[in-house]
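Please look over the sequence and the model before reading on. The paragraphs below go from single loop residues to helices, cavities and a pocket, and then to the chain as a whole.

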Amino acid sequence: MIKAISSLRKTLVLPLHLHIRTLQTFAKYNAQAASALREERKTPLYQNGDDEYVDLDWDNLGFGLTPADYMYVMKCSKDGEFTQGELSPYGNIQLSPSAGVLNYGQARILFWDFLQAIYEGTKAYRKENGKLLLFRPDHNALRMKLGAERMLMPSPSVDQFVNAIKQTALANKRWVPPSGKGTLYIRPLLMGSGPILGLGPAPEFTFIVYASPVGNYFKEGMAALNLYVEEEYVRAAPGGAGGVKSITNYAPVLKALSRAKSQGFSDVLYLDSVKKKYLEEASSCNVFVVKGRTISTPATNGTILEGITRKSVMEIASDQGYQVVEKAVHVDEVMDADEVFCTGTAVVVAPVGTITYQDKRVEYKTGDESVCQKLRSVLVGIQTGLIEDNKGWVTNIN
């Protein structure tokens, strides 16, 4: 879809009759592609046998898109209520015929609608006995509702959201990796899909959930990360949408992240946009700083995403006797810390080996006896059913 939109953007410098011809061709191609995908994926729903898996190299899963069989689609009616959704074979999203067929102005619809887009990330875990678990999906639902309010969008109810996640996970059960080999990453997406010419909310919204089996987020796997403190670019500003899991939240990190990776770093640590002295978060995860028995993390004040893994790790750390503090964390504190680690749905709990700031590089404690590893073991144990869940975080969907 992104490639298709990019190609349309290039056509906007052409005469009107060529716009029409191009858009007609695009619509025809989109319909043909969707039809081909439907034919290709005419396979029965998953079998109930716990031992059935898709043919994948589970030992070498990365964090790339490997689409599972089915996705869940639900539309929002004009009165702001979402209708009953349904599963369908994974495939292209079909656009309304009015989404850019007749004139130059309507071609812009394709770009504006997707400015209203927020998403979530959660996972399905397979227990050793083959049963499937979800981790706090109701919190993903609540976070999407808050993000939707900020972006002036309707959103599914908590029950609708969780039901969609369950159906998507069960329909794609054969894509859930064996226990200990990875997870099924589930991506709920809420977007403006109706046509509009001016600046305003879209008249129609679509909620989609799709899934992909994944392994470790970082190419380092379980190895410690090497981070770079970014001083030129900022990720978010007060009053903006830094606390919303939207496309506007992540696009600003790409340039700094690309530059850091070209220099051999794993990721970027961003500072506040006002004083550029206080830690915010990394490109795709929250950050924790350990000094003695105190674990500090930047307070969420509208510029930092309130991670569900972040919240869970804070509670686990408190249970283990650590003093957990949410505050403004000065970059000098980071450079004087004993440990630093990152948290997120994708990254789980990842140790940081080094941080480079103003040409100064600091190394941190890592390994089996680290605070990071102890917290990770408990979290993953709960998520995968190896540790008893006495907090009500896990949902068994079999």
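Leu152 counts as exposed because its relative accessibility is 59%; exposed means over 50% relative accessible area, buried under 20%, and partly exposed in between, with a 1.4 Å probe and protein chains only. This is a predicted model, in which local features need pLDDT of at least 70 and side-chain atom pairs count only at pLDDT 80 or more, while totals for chains, interfaces and linings use all residues. Residues are numbered from 1 along each chain as its sequence is written, and side-chain values use heavy atoms, with hydrogens and water left out.

Leu152 sits in the loop between helix H5 (137–150) and H6. Helices (H or I, at least four residues) and strands (E, at least two) are DSSP runs numbered from the N terminus. Leu152 is not a glycine, yet its phi is positive, at about 55°. Most residues other than glycine have a negative phi. Asp359 is another non-glycine residue with a positive phi, near 65°. Asp359 lies in the loop between strand E15 (348–357) and strand E16 (360–363), and it counts as exposed because its relative accessibility is 81%.

The loop between H5 and H6 also holds Ser155. Is Ser155 buried or exposed? With a relative accessible area of 15%, Ser155 is buried. Leaving out residues up to four places away in sequence, Ser155 touches Phe82, Met144, Lys145, Ala148 and Leu190, where a contact means heavy atoms within 4.5 Å.

On the H5 side of this loop, His139 is part of helix H5. His139 and Val158 are 19 residues apart in sequence, and their C-alpha atoms are 8.6 Å apart in space. Outside its neighbours within four places in sequence, His139 is in contact with Ile308 and Lys311.

On the other side comes helix H6 (residues 158–171), whose 14 residues should span 20 Å at 1.5 Å a residue; the end C-alpha atoms are 20 Å apart, which agrees. The expected span is 1.5 Å times one less than the number of residues. The buried residues of H6 include Phe161, Val162, Ala164, Ile165, Thr168, Ala169 and Ala171. An α-helix has 3.6 residues a turn, so residues three or four places apart point the same way.

Next come the enclosed spaces. On a 1 Å grid over the protein atoms alone, a cavity is a set of points where a 1.4 Å probe fits but cannot get out; a pocket is an open set with protein on both sides within 12 Å along at least five of seven lines, and lining residues have an atom within 4 Å of a point. Grid points are joined across faces, edges and corners, and a volume is the space filled by probe spheres set on the points. By this rule there are two cavities of 30 Å³ or more.

The largest cavity has a volume of about 100 Å³. Its lining includes Gly121, Phe135, Asn140, Ile308 and Gln383. Strand E4 (122–126) and helix H9 (308–319) are the elements that give two or more residues to this lining, and E4 supplies the largest share, three residues. By class, the lining of the largest cavity has four nonpolar, seven polar and one charged residues; Ala, Val, Leu, Ile, Met, Phe, Trp, Tyr, Cys and Pro count as nonpolar, Asp, Glu, Lys and Arg as charged, and the others, Gly among them, as polar.

The second largest cavity has a volume of about 40 Å³. Among the residues that line the second largest cavity are Tyr217, Leu257, Lys261 and Asp267.

The second largest pocket has a volume of about 530 Å³. Of the 29 residues in its lining, Gly182, Thr183, Asn216, Val348 and Arg376 lie nearest its centre. E15 gives the most to this lining, with four residues.

For the chain as a whole, there are 11 helices and 17 strands, and 49% of the 398 residues count as buried. The average pLDDT is 84, and 81% of the residues score at least 70; pLDDT is the predictor's confidence in each residue, from 0 to 100. Over residues 1–50 the pLDDT is below 50, and this stretch has 59 contacts in the model beyond near neighbours in sequence. Residues 97–114 also have a pLDDT under 50. Where pLDDT is low, the predicted coordinates should not be read in detail.
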